[in-house]
Amino acid sequence: MKTSNFEYPIAKDNDGKSIWKFLIHEFKPKGKILTPFNVISVPVIMLGTLIIIYRFIHGIGAVTNLTQEVPWGLWIGFDVVTGVAFAGGAYVLTFIVYILNNQKYHSIVRITVLNGFLAYVFYAGALLLDLGRPWNVINPIIGNSFGTSSVLFLVAWHFLLYMLAQLIEFSPAVAEWLGARRARKILSGMTIAAVIFGITLSTLHQSGLGALYLMAKDKIHPLWYSEFIPIMFLVSSIFAGLSMVIFEGSISHKVFFNQISEENHHAQDGIVRGLSRICAGAMFAYFFLQFLVFIHEKRWGLLNTPMGYWYLLEMLGFVLLPMLMFVYGYRRKSMNVIKTAAILTMVGVILNRLNVTVIGFRWEDTVRYVPSWMEIVVTLTVIFTEIWIFRWVIRRMPVLRDSPAWAKHQ
Amino acid sequence: MGLDRRVFMKTLGLAGTTLVLGKSVGAATKEKNSVEFYGVLYDSTRCVGCQTCETTCAEIHNLPAPTDAPEVGVVRKTNETRRTVVNLHKTTKGEVYVKSQCMHCNEPACAAACLTQAMYKTKEGPVIWRGNKCMGCRYCMVSCPFDVPKFEYHSPNPKIIKCDMCYDRIKEGKKPGCAENCPAEAIVFGTRRELIHEARKRIAAQPDVYSEFIYGEHEAGGTGEVYVAQVPPVELGFKTNLQNESYPALSKGFLYSVPSVFVLLPVLLLGIHETTKDNKNHQNEADENE
C-alpha cells in the first residue's frame, strides 16, 4: 500500500503522455483479494446477475412477488426510495461546506459526494430493473412525451440532473487522479454552481419521492399517509444522509486507515460530534412535525392496533431514542453512543420508507406482498456492486487522502 | 368541470396562440370546447349476467374468452387477460349483477401519474394506454383509486391492460363492444351529460326499484362510467371511501410549489454563500475552542 506520499503518474509525465499505461495499471486490483467482504459479495453478485438476466427473459413476475395490487415492492421501496434518502448526506454537507462556508467538514465532502453519486447511479439505476419497458426510459427525457403533470416526471428529471451536478462536484478528484491540471481548474470553478443547483434539485426530489405516494391516499395506512409526506421525506433525508455519513465514516476510517492523514484522523471525532448535533436538530423538527400531524388528524384511535404499535416503535424507538442518544453522545463526547444512534436512525429511516411504500401499502389486504428471495439477492447485488466501485475509486483517487500538492496551489 | 393541468396548459397555450393569430384559431378553440366526454351508463337492474359483454370484449381485444361465470361469494377481478368482468352480489334486494372495468375518470389519476403520457385522457373521454410511450413503471397502478390498470408480469415485453372504452371503435363512430351487444340493454353509451340525465330520469321514474345514487357522478371527481342499481354501492363491492375531489388534486400543491422553489431557493443559497464567505478564514480557530 502506498502512503500519503502518492505519485501521480500522468502529472509527472507531463499531462497525459502515458495515459493508457496509467489506466491499465490502475485497473489492476489493489489491496487484498480474499477479504470477508469479497468472499460474501462475489457469489451474491454472480447470482444476482443471473437473476437479472432471467428477469429480462421471463418478465418481472418470474423473479418478484409483485402483484396487480402491489405493483411497487422492495426494488422501489428500498433500493430507490430508501437508498436516495441515505444519499441525502451529499446535499446537506455541500450546503454546510460551500454555502455556509464551514470548513470544518471539508475533509469529508468528497467521500460523501462520491457516496451520494454512486448511490444515485446504482439505486436510480436499479429502477431500470423494475421497469417493464425500459427501452422507453428515454421518452420523458427526449421530449416526445412530457408528462409534466406527473410527480415521477419531476423525480426522473431531477435524478438525472442531480447525478450530473454530483459528477461535477466530484470531478476535481478525477482530474487530480489523472493529473489533468487545466481540467481541474475549470471543473473546480464550477463547484459552487453545481452545489447550488444540486441542493435545489435535492430539496425537490427528496420531497418528490414522498409526493409520489400522495395519490395512493386510500391505499396507505393512515398513520403514514398525510398531505405532509413530501415534507416528512425531505426533513428525514437530512438525518438519514448524515447518519449514513457517520456510519460510512466509521467504517472508512478503519478500512482505508492508510489513506487518511494524521490531521484528518484527529479531526474525525469533532466532525462526528458536529454531525450528531445537526442530526439531533433535524430529528427534533421531524418528530415535532410527525407529532403535529398525529394530533391534527386525530389519530389516537389508530394507536391501539397492531399497526399502531408498529408506528409507536418507529417513532419512539427509532426517532426519539436515537435523537436523545445523539444529544447525549454529543455532550459526553461518546463516539460509541453517537455511532449506535446513527445505526438506530438508519434502521428508523428504512422502517419509515418501507412503512409508506411496502408495509403500510394495502395493509388491509389478506394476501400481503413479501419480497421473494430473488428480489432480496438483486437488492444485495446492487448494494455490493456499489461498494465495489466505491472502494475502487477510493483506492485510486484522492477522496480520503489529501489532494496532490499541485492542486492545492491552483 | 375542472380539468387537469395538462388540459389547462393546452387551453392556456391555445389562448396565447389566439392572441397572436387572431380569429381563425379562436374558432378552433370554440369547437374544441364543445366536445363532450363520452361515457357509459350501466344499469344493474337490467343486467342478467349473461357475460356477452365479457365475450365481446375478449373478441375485440384478442383476449381469451371467459371460462368462469359470476357467482355469489366469488370476486372475479379484471386482470391482464380480461378487461371487464361481471360479478354477482347477494344484497338486501336479492342477487344483483355488477360489471366492472375502467371508470374513465374525468381527471384520471393514472394519466396524471404517467410521466410519458402513455396513459392518456382523450378528448372523446376514454382513457387509453399507448405502448410506444409507456416505460412500464406501473405508477398508474399505484395511483389508480379503482385498481384498474393491470400489468403483464410474465412477459419480457409487458403491456398495461385495461378497458379503453373501445376507443378505436368510437373514432369510427361505433359504440363500444359491450354497449353495442348487451342483449338486456343494461349498458348505454353516450355523452356523460346525457347519461347522468338518463340515470336521474330512471331513478325518478321508479324510486322503488332504484336506490338513490349514481355511482361515478361525484366519486374521484366524476367518472365516465356511471352506475345505477337497486341497492347502495356499499352492497355491491364498490369502493365507498373514495374522495369526491379528483385524485390528481392531491399532488397539485406539491407540483405547483416546484417552480417557486426552483426560482427562490438558488437565489437564497447564493445569498447565504456570499454573506458567509468571510467565515472561511476564521474557521480553524473556532474549531479549536469548541
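Which residues in α6(A) meet which residues in α8(A)? Before selecting them, keep in mind that the model on your screen is predicted, and colour chain A by confidence: its mean pLDDT is 90, and 95% of its residues reach 70 or more.

**The helix pair**

Select helix α6 of chain A, residues 109–130, together with α8(A), residues 151–178. On the α6(A) side, the residues to show are Arg110(A), Val113(A), Leu114(A), Gly116(A), Phe117(A), Tyr120(A), Val121(A) and Ala124(A), and they meet Phe159(A), Tyr162(A), Met163(A), Gln166(A), Leu167(A), Glu169(A), Phe170(A) and Ala173(A) in α8(A). Sorted by class, this contact has 12 nonpolar, 2 polar and 2 charged residues. If you turn the view to look along the pair, you will find the two helices packed at an angle of about 145°, with their axes 9 Å apart, in a crossing that is left-handed.

**The nonpolar core**

Now widen the selection to the largest nonpolar core, which has 186 residues, and within which Leu93(A) and Leu152(A) have the most contacts. The helix you have just visited, α8(A), gives the most to this core, with 14 residues. Centre on Leu152(A) and, setting aside neighbours within four places in sequence, look for its contacts with Leu212(A) in its own chain and with Ala113(B), Leu115(B), Cys137(B) and Tyr139(B) in chain B.

**Where the chains meet**

Those partners lead to the contact between the chains, which takes 51 residues from chain A and 54 residues from chain B. On the chain A side, α3 (36–58), α5 (89–99), α7 (139–142), α8 (151–178) and α10 (191–211) each supply at least two residues, and α10(A) gives the most, with 7 residues. By class, this side of chain A has 28 nonpolar, 18 polar and 5 charged residues.

**A buried arginine**

Next, select Arg184(A), which lies in helix α9 of chain A, residues 181–189. Is Arg184(A) buried or exposed? It counts as buried, because it has 23 C-beta neighbours inside 10 Å, where 20 or more are required. Not counting residues up to four places away in sequence, Arg184(A) touches Pro172(A), Ala175(A), Glu176(A), Ala407(A) and Gln410(A). Ala173(A), from the helix pair, is 11 residues from Arg184(A) in sequence and 8.0 Å away in space, C-alpha to C-alpha.

**Confidence along chain A**

Finish with helix α15 of chain A, residues 335–359, where confidence is highest at a mean of 96, and then helix α1, residues 9–12, where it is lowest at 52. Over residues 1–7 of chain A the pLDDT is below 50. Where pLDDT is low, the predicted coordinates should not be read in detail.

Terms used:
Residues numbered from 1 in each chain as written. Chains lettered and ligands numbered in written order. Predicted model: local features only at pLDDT ≥ 70, side-chain atom pairs only at ≥ 80, totals over all residues. Contact = placed C-beta atoms within 7 Å. Helix = DSSP H or I, 4+ residues; strand = E, 2+ residues; numbered from the N terminus. Nonpolar A, V, L, I, M, F, W, Y, C, P; charged D, E, K, R; others polar. pLDDT = per-residue confidence, 0-100. Axes fitted to C-alpha atoms, helices over the stretch in contact; angles between N-to-C directions. Left-handed = near helix turned anticlockwise from the far one by under 90°. Core = buried A, V, L, I, M, F, W, Y, C linked by C-beta atoms within 7 Å. Buried ≥ 20, exposed ≤ 12 C-beta atoms within 10 Å, placed from the backbone.
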